[in-house]
Amino acid sequence: MELIFNDCSIQGQFTNLGAFRDAIGHVMTIRETARRFGRDLQCHQDVVNAQVTRDLTMPQAVQSLGSEERRALMQWITRHGPFWEDIREHSEEDLLEYNGEMVTNTAVGEAAYCLIHGIGRSLVSLNPSSWLFSPLVVTWHDNERVTSVEVLNYWDLEEVKSPLNLPPFNLELGRI
């Protein structure tokens with residue numbers, strides 16, 4: 001199972017920089033834990049432009065982090081990734097939707113498309129966010145065919161540890 005950072009889970013919801021520091025620190029801990037299991041937490045290169053608070057973007061908010069934390073985060077989201085769009089499976093023309101909203105060109109859409117096509121992917125979301133539930137039922141509209149899939153979504157370190165030890169993804173278990 002590969003993990004993708006849910007870019008939809010960062011939408012300016014943080015009321016202060018302390019809450020952002022805690023949340024992004026938790027995601028970085030999940031990332032490091034995944035790496036110890038031989039996995040990566042993929043992100044989208046555009047997350048560097050995310051709105052963190054009502055008034056601050058990612059580059060502005062990152063300045064509140066300590067130098068080591070700032071360096072690690074910026075190297076991940078700007079230089080080293082891995083970036084899911086480099087190995088992207090779904091196209092901009094694919095129609096993927098979650099809860100009535102289009103999620104094409106997002107981590108949610110990419111994870112769903114991969115699962116539908118037998119490639120194991122799960123999401124990691126920021127806490128707090130409006131994405132703190134799992135699974136996410138995502139629908140792919142392919143011409144006249146509609147396929148739904150359950151995408152596992154994690155925000156807790158202890159919850160994500162267990163599937164990192166599992167054998168490779170079984171498509172039949174991931175499908176609705």
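Modeller: Let's fix one term before we start: a polar contact is a pair of N or O atoms within 3.5 Å, where one must be able to donate a hydrogen and the other to accept it. This is a predicted model, by the way.

Biologist: Fine. What makes the pairing of the side chains of His90 and Glu110 a polar contact?

Modeller: The distance between the side chains of His90 and Glu110 is 2.6 Å, and the cut-off is 3.5 Å, so the pair counts as a polar contact.

Biologist: Why is His90 called buried or exposed, whichever applies?

Modeller: Buried means under 20% relative accessible area. His90 has 2%, so it counts as buried. His90 sits in the loop between helix H3 (67-80) and strand E3 (95-98). Leaving out residues up to four places away in sequence, it touches Trp84, Leu96, Thr104, Asn105, Thr106, Gly109, Glu110 and Tyr113.

Biologist: Glu110 and Tyr113 are in that list. How do you know that H4 is mostly covered?

Modeller: Put each residue against the 20% limit: 10 of the 10 residues of H4 are buried. Glu110 and Tyr113 are among them. Just after H4, Gly118 takes a positive phi of about 80°.

Biologist: On to the rings. How many aromatic pairs are there?

Modeller: The count comes to five aromatic pairs. One of them is Tyr98 with Trp131, at 5.3 Å centre to centre and 35° between the planes.

Biologist: What makes the pair of Tyr98 and Trp131 tilted?

Modeller: The centres have to lie within 6.5 Å, and planes under 30 degrees apart would be stacked, over 60 edge-to-face. With 5.3 Å and 35°, Tyr98 and Trp131 form a pair, and it is tilted.

Biologist: Why say that this pair ties together parts of the chain?

Modeller: Tyr98 lies in strand E3 and Trp131 in the loop between strand E5 (121-124) and strand E6 (136-142), so the pair ties together parts that are 33 residues apart in sequence. Against the 20% limit, Tyr98 is buried at 12%, and Trp131 counts as buried at 9%.

Biologist: And what makes the pair of Tyr113 and Trp140 edge-to-face?

Modeller: The angle between the planes of Tyr113 and Trp140 is 80°, and over 60 counts as edge-to-face. Their centres are 5.4 Å apart. This pair also links distant parts of the chain: Tyr113 is in helix H4 (residues 107-116) and Trp140 in strand E6, 27 residues apart. Tyr113 counts as buried at 13%, and Trp140 is buried at 5%.

Biologist: Which residues form one aromatic cluster?

Modeller: Tyr98, Trp131 and Phe133 do.

Biologist: Trp131 keeps coming back. What does Ser125 touch?

Modeller: Trp131 is one of its contacts, and the others include Asn6, Ser9, Val27 and Tyr154, not counting residues up to four places away in sequence. Ser125 is in the loop between E5 and E6.

Biologist: How do you know that a polar contact joins the side chains of Ser125 and Asn6?

Modeller: They come to 2.9 Å, set against a limit of 3.5 Å. Ser125 counts as buried, because its relative accessibility is 2%.

Biologist: Now the backbone. Which peptide bond is cis, with omega near 0°?

Modeller: The one from Ser134 to Pro135, and Pro135 is also in the loop between E5 and E6. The bond from Gly81 to Pro82 is cis as well, with omega near 10°; Pro82 is in the loop between H3 and E3. Most peptide bonds are trans, and most residues other than glycine have a negative phi.

Biologist: What makes phi of Asn105 worth a remark?

Modeller: Phi of Asn105 is near 70°, positive in a residue other than glycine. Asn105 lies in the loop between strand E4 (101-102) and H4. Asn143 has a positive phi too, about 55°, in the loop between E6 and strand E7 (145-151).

Biologist: Why is Asn105 called partly exposed, and what is Asn143 called?

Modeller: Over 50% is exposed, and partly exposed is what falls between 20% and 50%. Asn105 has 31%, so it is partly exposed; Asn143 has 77%, so it is exposed.

Biologist: Last one: what lines the second largest pocket?

Modeller: Asn105 is one of its lining residues, along with others including Asp7, Cys8, His44 and Thr106. The lining divides into four nonpolar, four polar and two charged residues, and the pocket has a volume of about 180 Å³.

Terms used: Residues numbered from 1 in each chain as written. Heavy atoms only, no water. 1 Å grid on protein atoms, 1.4 Å probe; cavity = no way out; pocket = protein on both sides within 12 Å on 5 of 7 lines; lining within 4 Å. Points joined across faces, edges and corners; volume = space filled by probe spheres on them. Nonpolar A, V, L, I, M, F, W, Y, C, P; charged D, E, K, R; others polar. Helix = DSSP H or I, 4+ residues; strand = E, 2+ residues; numbered from the N terminus. Buried < 20%, exposed > 50% of the residue type's maximum accessible area, 1.4 Å probe, protein only. Contact = heavy atoms within 4.5 Å. Phe/Tyr/Trp six-rings, centres within 6.5 Å; stacked < 30°, edge-to-face > 60°.
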